[in-house]
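Load the model in a viewer and keep the selection panel open. The stops below can be followed in order.

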Amino acid sequence: FAYTAANAAILEATAGDNRINVIDFQIAQASQYMFLIHELAKRPGGPPLLRVTGVDDSQSYYARGGGLTLVGEKLANMAKSCGVPFEFHDAIMSGCEVHREHLGVEPGFAVVVNFPYVLHHMPDESVSVENHRDRLLHLIKSLGPRLVTLVEQESNTNTSPFLSRFAETLDYYTAMFESIDAARPRDDKQRISAEQHCVARDIVNMIACEERERVERHEVLGKWRVRMMMAGFVGW
């Protein structure tokens, strides 16, 4: 649902543009853009030139079974089959290491930035003087983007003390497991793998780790809104 909503916002914000550069800070397997390409191919008057800039990390590399070259090839093949002009640019690094020169932004493109489940991994002022969470937002603002989409968990586990963080985690993931129960049997291999290698790891990190070791640091909508406003963004 989050990816579908982000795509809808991107399509609306760039409806009159012939050159679009989407910068994704955790592109993973790029499934979101397969659907975006399909929708751009239907645009009256012909599709625009789509440039996708993918930021990668080591975790996505192993989950994907290879580097960003695989993503670029998959999207290029999809775009070719749909008749959408396409370019791919990679930034093979953690989001904490990204600076303006890594993003390959060129004049004449409507810039769209997507933050899918990634900013909560960035340390902020409560962890380090290197506040990458806010630094990235200010960096993206300096690009003059047409749109910034933010997809995050609605949970408060960043600066809260242990007991309230435990209760928040229990409440959030209980709802998640209940929804999984409705869709998948408990002996389903895909479910077991996801729970062991993704969900369980996140829960352990949120509850058992502190300071720099804790990288799962979710914030609620109000806090994200304040951060975006402080970086100069307005609601849309």
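Begin in helix α6 with Phe166, which is partly exposed because its relative accessible area is 36%. Next, select Phe162, which is likewise partly exposed, at 44% relative accessibility. Both values fall in the range from 20% to 50% that separates buried from exposed. Phe162 and Phe166 are four residues apart in helix α6 (residues 162-183), so about one helical turn separates them.

Keep the two side chains on display. This is a predicted model, and four aromatic pairs are counted in it. In the pair formed by Phe162 and Phe166, the ring centres are 6.2 Å apart and the planes meet at 35 degrees, so the pair is tilted. The tilted class lies between stacked, under 30 degrees, and edge-to-face, over 60.

**Confidence**

Now colour the chain by pLDDT. The mean is 90, and 96% of the residues reach 70 or more. Where is confidence lowest, and where is it highest? The lowest mean, 63, belongs to helix α3 (residues 58-64). Strand β1 (residues 19-24) has the highest, at 96.

**Strands β1 and β2**

Stay with β1, where five of the six residues are buried. Add strand β2 (residues 49-56) to the selection: β1 and β2 run parallel and are joined by six bridges. To find the register, select Ile20, which stands opposite Leu50 in β2. Then select Asn21, whose place is opposite Arg51 in β2.

How many of the eight residues of β2 are buried? The count is eight of eight. In a regular strand, side chains alternate between the two faces of the sheet. For β2, one side carries Leu49, Arg51, Thr53 and Val55, and the other carries Leu50, Val52, Gly54 and Asp56; both faces are covered, with all of these residues buried.

**The loop between β1 and α2**

Return to β1 and follow the chain into the loop that leads to α2. Ala28 is in this loop. The phi of Ala28 is near 50 degrees, positive in a residue other than glycine. With 31% relative accessibility, Ala28 counts as partly exposed.

Move on to Ala30, in the loop between β1 and α2. Ala30 is not a glycine, yet has a positive phi of about 65 degrees. Is Ala30 buried or exposed? Ala30 is buried, because its relative accessible area is 3% and the cut-off for buried is under 20%.

**Gln32 in helix α2**

Select Gln32, in helix α2 (residues 31-41). Gln32 counts as buried, since its relative accessibility is 5%. Show what surrounds it: beyond neighbours within four places in sequence, Gln32 contacts Tyr3, Ala6, Asn7, Ile10, Asp24 and Asn114. With Asn114 there is also a polar contact of 3.1 Å between the side chains. For a distance check, draw a line from the C-alpha of Gln32 to that of Pro44: the two residues are 12 apart in sequence and 22 Å apart in space.

**Helix α5**

Go next to helix α5 (residues 132-142), where the buried residues are His132, Arg133, Asp134, Leu136, Leu137, Leu139 and Ile140. What do the buried residues of α5 pack against? Display β4 (110-116), β5 (147-151) and α8 (221-230), which are the elements they pack against.

Then select Lys141 together with Phe233. Lys141 lies over the face of Phe233, 5.4 Å from the ring centre. Just past the end of α5, Gly144 has a positive phi of about 65 degrees.

**Arg214**

The last stop is Arg214, in the loop between α7 (189-208) and α8. At 5% relative accessibility, Arg214 counts as buried. Which residues does Arg214 touch, not counting those up to four places away in sequence? They are Thr157, Asn158, Arg165, Asn205, Met206 and Cys209. Zoom in on Thr157: its backbone oxygen lies 2.6 Å from a polar atom of the Arg214 side chain.

Note on methods:
Residues numbered from 1 in each chain as written. Predicted model: local features only at pLDDT ≥ 70, side-chain atom pairs only at ≥ 80, totals over all residues. Heavy atoms only, no water. pLDDT = per-residue confidence, 0-100. Helix = DSSP H or I, 4+ residues; strand = E, 2+ residues; numbered from the N terminus. Buried < 20%, exposed > 50% of the residue type's maximum accessible area, 1.4 Å probe, protein only. Contact = heavy atoms within 4.5 Å. Phe/Tyr/Trp six-rings, centres within 6.5 Å; stacked < 30°, edge-to-face > 60°. Lys NZ or Arg CZ within 6 Å of the ring centre and 35° of its normal. Polar contact = N/O pair within 3.5 Å; in protein donor to acceptor, adjacent residues only side chain to side chain. Pairing = 2+ DSSP bridges.
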